[in-house]
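Biologist: Please take a close look at one single part of this model, and then work outward from there, step by step, for someone who has not seen it before.

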Amino acid sequence: MRTAVCLMLGIVVAGWAVGSPDLPPATLPALQPNKLYGVGLPHGDVTPATSCAAASCHGGGQTGRPGSELTTWAPDLSVGPNDPHDPHSRAYRVLFNQVSVRMARLLEPDKEKPCPPHLNQLCLKCHSVDGANPQVAAEGVGCAACHGTSEEWLTIHYQPSWKSKSNPEKAKSKFIPTKNLVARVSNCATCHVGGKDRDVNHDLIAAGHPRLAFEYTRFHYQPTYQKHWKDPDDTATYESRAWVIGQVASLRAAVEVLQARAKNSNAPWPEFAGYSCYACHQTVGNGEPRGSGTDTSKPLGWPGWEVWYTATAVPAALVAQKIFRDVPPPQLDHLKDLRYLMERRTEPGQAVPKAPSQTDVLNVTEHVLSDLDRWLLDVQQAEDKRSTSPVSSELLGQLGRDLAGSALHDGKLRNHDWDFLAAHYLGTVAMYHAGGGTAKYPGWQDPLQKLGCDLHFPRSCEGEPRFNSPGAFGTTKLNKIQYNFGRLKSGFDTSGGSQ
Amino acid sequence: MTTDQTRRLSRLVGLFAVAGGTVFGLAMGGAVPSAAVAAQEKEKEKDPDKPSTLPTLMGIGQCVLCHSTQKGATYPPGVALFVKAGSTKFIRLDENLIWSENDLHSRSFQNLTGPLGKAMEREMKRAEPGFKATEDVRCLACHATATGPLVKGQQLTVKHFDSSQGVTCEMCHGHASNWYNPHSKLLANRIDWREWPPGKKTNYNLIDLRDPKVRAAKCAECHIGNLDQGKFVTHDMFAAGHPPLPPLDVIAYFRDQPRHWGFPREMPYLVDLAKSPKTAKTAWDVFHYRSEEDVTVDGKTIRGEVYAARQLAISTLATFRSSIQLIGQVPGASDGGLDFAAFDCYACHHDLVFPSPRQKRGYVGKPGRPSFRPWLSGMTRLMVRHGIGTDRADAKDGLVTRLSALERELAVAFDQKTFGEPEAIRKVCAKIDVWCQEALEVLEGIHYDRDQALRLLKDVIAAGRDEKELIADPESAQLIAWAFLTLREELRVSPPKQDEPAVITGLCGRLDTLVVTRLRADPKAKKKANVPDPLGGENNETPVPIEDRLGERLKLFNRFDVTKFRQTFDELNTQSGLFK
């Protein structure tokens, strides 16, 4: 499902890429974006994906080729369910599987006939195009989910004048210019992280919904993900931009979800889904304190707030500064306050801790959203102008080393939380690939592979349930992870190592 | 009865006695304080013997004068007098030796400075830079000896504790300043003191540890928690490394405890007292003990009682009550609701897998909302269901239904908010407390003869194999296994004694590989202590440090397999005809 949104976005981008040269329009319009293209769009008239499927438009029948975006997105059922396709096209169908049906039953245990997921508006917001009629909803996450509802642009988007329109102009017609990475990723995040009316809370997760853990570059570069678009070939600039925009846009969405939770006085507060899953979901240890590390700001006995999205906020701001040199980096002071509010529960000597104040949290989320939006809007504009300067491979190498180093403090792991370590790993990997990969940095391959291995959930024997959490994530693994982050940080070790 | 059986039995009895003592002490400790002196004065009007001073700590130094005498050694002159008068038919006189050599309570303070204690202190310092385990009242409340009963509202400081020797005699038996003299110095009247009614001794703050409900409540003060006394292991402490508190089955704890007491059946004084038609009532009224052999009174035969069956049933209820009282206390400490430590640990602390057995099984209440520990009420329901199946069933058949309704109410109170709805939790806990009192009265009226004990055993086996029982976590399974082992062992040693069929022994051996069945004994550490157990107990090895015990135990705990557990009980059920 997560991948589905990305795929849809991809479809749009690809469609657009087909017809437009990679050159900026001759004259830039005066219109400047004052909102994020991909967030908070009003409902529109959802056209079925099949209306895009004319052979001369996006249904060319040649998977993977320009002009065949819809063909690439949809599975060829005559071949069978394993025909490569975009998982977004399956989003609606999963609502009928065993897990989904059981979820409905578990969530409404007192009702004889609980609302089936395919009729539940909360599910349909992300498992189809939000606002679509039931017939169109059955197509899953179709074109309009990522490209915007087309009532205002359907008849003009294939005309020559469309190409000369600026992104702000296109966005006015509810078209989402997904080539703009800010537009794309912030739209992905509305489902893959959530938003004010889209909350995969802990009730849903306990009933069977997978946890949401969005990281754009990880989704984008999934080898099995069949894209229906092509991105610019400038790997270095592209991947590093995608990572840092992904970090900020995802964090923004997580804060928006928190804001909605803080406004709700009827739901459980604080909401468990906003906290690090595996801080709690681990077996009780044998006295060895886990989930701590050298970061003394983390409270005892309380999981970190949105660790997946906040872990690399500080290094990401530094990366942002280096890559988008003309844009002031995102301000993180209010985010720090927010984390403090959400995590610091026990006052010294207090017998029983207190929940964070919903009012205080609400106030701070407004500031955080404003800080992050400011940066995202600036970058959205820079992306429109394509004014990003090239990034050298050496700089990316340095940024990768800095990211690996930020997992450590005084040579020791700053935090033992799996989310924290995995987020740093993925960031480092993004910089490694952006900087030229093994060809440029041969010494990185080994520590990165070992980190990936140690962060991997345990593999189960055949017939056994598969692990959905880090399992025995104790001292042995943590020591190896610490060692390999250390090697990456030093940046000089090309020997391959022994751990 | 084999030596082995005798040993186990004697261990059991000893445990009961200790627990009883502990509970009584606690109850007393709790009773004396807040309403304090005024109430005491009022009492005094009724009981002219009642001491008017608040009890304080005498210290272990006073106890060792008599209770540190090796059997067969030359008794000091004062002690010799007691021995000559037959004291060893009632007590052992080597109590302090056993306690100091073998009993984990004597190591409780040392644990604060051991490797685990130090690691925990390091973690706690992250939140509280000045934290020092050996001086923090939250640690001392259970790891040291208080200088007087701990009472609600008291501002505890390090001065309220004597840390030199861990949890010493008076933490369980009651602070002794008032009862020390009557119990030891009135030599001429010592039998008189011994047979004083428990209520009268309680006035002197001697805890009636022979009463299973008093004893269980006493143990529960530390082993479950009691916020009024400043005893509560918070989630922060667990996160810093405090070992998990296992579910409390006082009787199972006793089985593995090195005994510094005798089971009633090992003490000739008690056996004779209970056997004689003339004194049987005294044995019951004062020592809560019924003869284990049939007794004929006025031509009527009274069937012998299976000692552990009664102890198990009453202790289960009393432990449940203490747990509920604690849950009711926790939200009172803050409007924020419950500390995570009041929730079911394993609702969160498990590895996630797909497909998920929890989702397959379903949830009580809403998914994703942790609730109270499921083991709490499971065994309680079983004991009451068994109890109302006896001839005392008459007016009380609504008890089980009411418990289920109260449980649902409590689950909703837990569910409503992330940390529970404080006011609702307090209210339901108060209601459950009333229910406990009623249920205890019912169980106390039951005569646990062999037939009843056998029925109870079979009920426990049925619970172990029941698909509908939510054995969500190894804790519930542990309690079922412990109760089964207690009854099985007891039925082997109480009359008519019989040898156990090999198939049962084999299945019990399999249980050892599925859940933690021995709380104390570590088969790898058979270091015999210097003090042989004159009553033949085998669990007198030197205590193994917590750091060495914990790892293995949690490994077994974490790999709990409910399917294999149920299979084992299924087979036990098939063989249950062998228990006679």
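Modeller: Helices (DSSP runs of H or I, at least four residues) and strands (runs of E, at least two) are numbered from the N terminus, and Ala189(A), where I would begin, lies in helix 9 of chain A. This is a predicted model, in which local features need pLDDT of at least 70 and side-chain atom pairs count only at pLDDT 80 or more, while totals for chains, interfaces and linings use all residues. Residues are numbered from 1 along each chain as its sequence is written, and chains are lettered from A and ligands numbered from 1 in the order in which they are written.

Ala189(A) counts as buried because 29 other C-beta atoms lie within 10 Å; the term asks for 20 or more such atoms, with 12 or fewer making a residue exposed, anything in between partly exposed, and C-beta atoms placed from the backbone. Leaving out residues up to four places away in sequence, Ala189(A) touches Phe214(A), Ala249(A), Ser250(A) and Ala253(A), where contact means C-beta atoms, placed from the backbone, within 7 Å. Ala189(A) and Glu215(A) are 26 residues apart in sequence, with 9.3 Å between their C-alpha atoms.

The domain assignment of chain A, whose bounds come from an automatic or database source, gives domain 1 (2-235) and domain 2 (237-490). Their contact takes 37 residues from domain 1 of chain A and 36 residues from domain 2 of chain A. On the domain 1 side, the elements that give two or more residues are helix 9 (181-192), helix 10 and helix 11 (216-220) of chain A, and helix 9 of chain A supplies the largest share, 7 residues. By class, that side has 17 nonpolar, 13 polar and 7 charged residues; Ala, Val, Leu, Ile, Met, Phe, Trp, Tyr, Cys and Pro count as nonpolar, Asp, Glu, Lys and Arg as charged, and the others, Gly among them, as polar.

Helix 10 of chain A also leads on to the other chain. In the contact between the chains, 40 residues of chain A meet 47 residues of chain B, and the elements of chain A that give two or more residues to this side are helix 3 (98-107), helix 10 (202-207) and strand 3 (466-467). Helix 10 of chain A gives the most, with 5 residues, and the residues on this side of chain A divide into 21 nonpolar, 15 polar and 4 charged. Strand 3 of chain A pairs in the antiparallel sense with strand 5 (residues 353-354) of chain B over 2 bridges, pairing being counted when DSSP finds at least two bridges. Within that strand 5 of chain B, Val353(B) stands opposite Phe467(A).

Looking at the interior, a nonpolar core is a set of buried Ala, Val, Leu, Ile, Met, Phe, Trp, Tyr and Cys residues joined through C-beta atoms within 7 Å. The largest has 120 residues, of which Leu317(B), Val460(B) and Leu487(B) touch the most other members, and helix 18 (residues 307-329) of chain B brings its largest share, 12 residues. Apart from that core lies another of 101 residues, among them Leu36(A), Leu212(A), Val248(A) and Ile323(A).

As for the chains as wholes, chain A has 22 helices and 3 strands, and 50% of its 499 residues count as buried. Chain B has 28 helices and 5 strands, and buried residues make up 51% of its 580 residues.

Technical notes
Contact = placed C-beta atoms within 7 Å.
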